[in-house]
Amino acid sequence: MALTAPTAARPGGTGLPFAALILDFVGVLTANAGPAHREWCLAQGLEAGAWRQTLGYEPEASRLYTELEAGRLSQAEWNRRVAPILGVPEHENLMGRAWSGVRPADDIIALARSARQAGLKVALLSNSFGLDPYDPYGALGVWELFDVTVISEREGVAKPDPEIYRLTLDRLALPGEACVFVDDHPRNLPPAEALGITTVLADGTPGNAARIATLLGLPAAP
């Protein structure tokens, strides 16, 4: 985990150094999705890395994913158009099928609950990949964790556009200096830092949740 630490305690309304915790979804509130996607691809008769390769490097699939994130394309339409690019015959609920094996990050979920119990606001700031027919947040049971949700599909803007960070602060009714933001993509951190937000890179190393808890002034989970 990498983080930019505060130079001094920043008072929140709780006597803790921060007033809010802002969390990304994939790679933060979920376990590493890669193994589940690889297993799904193999079960479809595809190469193990086909999901990542297609979405990340095939030009049309990458463009369609960008449109999906920004809410300019429905998940159902994305399923229909990406299935043939990926090489699977059935497009119905393609996203949900590929994500069916992804598990929640129990330690970060417990941290979010602990933060709320301590009086911090908790926000979701996520580049979404559709909500219908597959709702990933509902599937992993995280909707109830948040005071504020900022989902790119709903807002028409995605990280790392600075506007989505400003929108999150507006809905929290807090300055950036009162917030900690956790994301697994380095490119998503500088716009938050520019607004005074303390950032944490969730890089998959053991003990992330405990270190974030320490930063927030919360007791680490046993």
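# Strands, cores and the largest pocket

Strand β2 (residues 20-23) and strand β3 (residues 121-126) run side by side in the parallel sense, joined over four bridges. The model in which this pairing is found is a predicted one. The points below begin with β2 and its partners, go on to the nonpolar cores, and end with the largest pocket.

**Strand β2 and its partners**

- Within the pairing of β2 and β3, Leu-23 is the residue that stands opposite Leu-124 of β3.
- Strand β2 also pairs with strand β5 (residues 179-183), again in the parallel sense and over four bridges, and here Ala-20 stands opposite Cys-179 of β5.
- Both faces of β2 are covered, since Ala-20 and Ile-22 on one side are buried, as are Leu-21 and Leu-23 on the other.

**The nonpolar cores**

- The largest nonpolar core has 57 residues, and Leu-23, Trp-51 and Trp-78 are those with the most contacts inside it.
- Leaving out residues up to four places away in sequence, Trp-51 touches His-37, Trp-40, Cys-41, Trp-78, Leu-86, Leu-94, Met-95, Ala-98 and Trp-99.
- A second core, separate from the one that holds Trp-51, has 18 residues, among them Ala-123, Leu-169, Ala-192 and Ile-197.

**Ala-192 in the second core**

- Ala-192 belongs to helix α10 (residues 190-194), and Ala-192 counts as buried because its relative accessible area is 0%, where buried means under 20%.
- When neighbours within four places in sequence are set aside, the residues in contact with Ala-192 are Tyr-165, Phe-181, Ile-197 and Thr-199.
- From Ala-192 to Ala-220 there are 28 residues in sequence, and the two lie 25 Å apart in space, taken from C-alpha to C-alpha.

**The largest pocket**

- The volume of the largest pocket is about 1400 Å³, and 48 residues line this pocket, with Val-26, Gly-27, Ala-33, Asp-184 and His-185 lying nearest its centre.
- Several helices take part in the lining, for α1 (34-43), α2 (50-57), α3 (59-69), α6 (106-117) and α11 (208-216) each supply at least two residues, and the largest share, six residues, comes from α2.
- Sorted by class, the lining of the largest pocket is made up of 22 nonpolar, 17 polar and nine charged residues.

Notes: Residues numbered from 1 in each chain as written. Predicted model: local features only at pLDDT ≥ 70, side-chain atom pairs only at ≥ 80, totals over all residues. Heavy atoms only, no water. 1 Å grid on protein atoms, 1.4 Å probe; cavity = no way out; pocket = protein on both sides within 12 Å on 5 of 7 lines; lining within 4 Å. Points joined across faces, edges and corners; volume = space filled by probe spheres on them. Nonpolar A, V, L, I, M, F, W, Y, C, P; charged D, E, K, R; others polar. Core = buried A, V, L, I, M, F, W, Y, C linked by side-chain atoms within 4.5 Å. Buried < 20%, exposed > 50% of the residue type's maximum accessible area, 1.4 Å probe, protein only. Contact = heavy atoms within 4.5 Å. Pairing = 2+ DSSP bridges.
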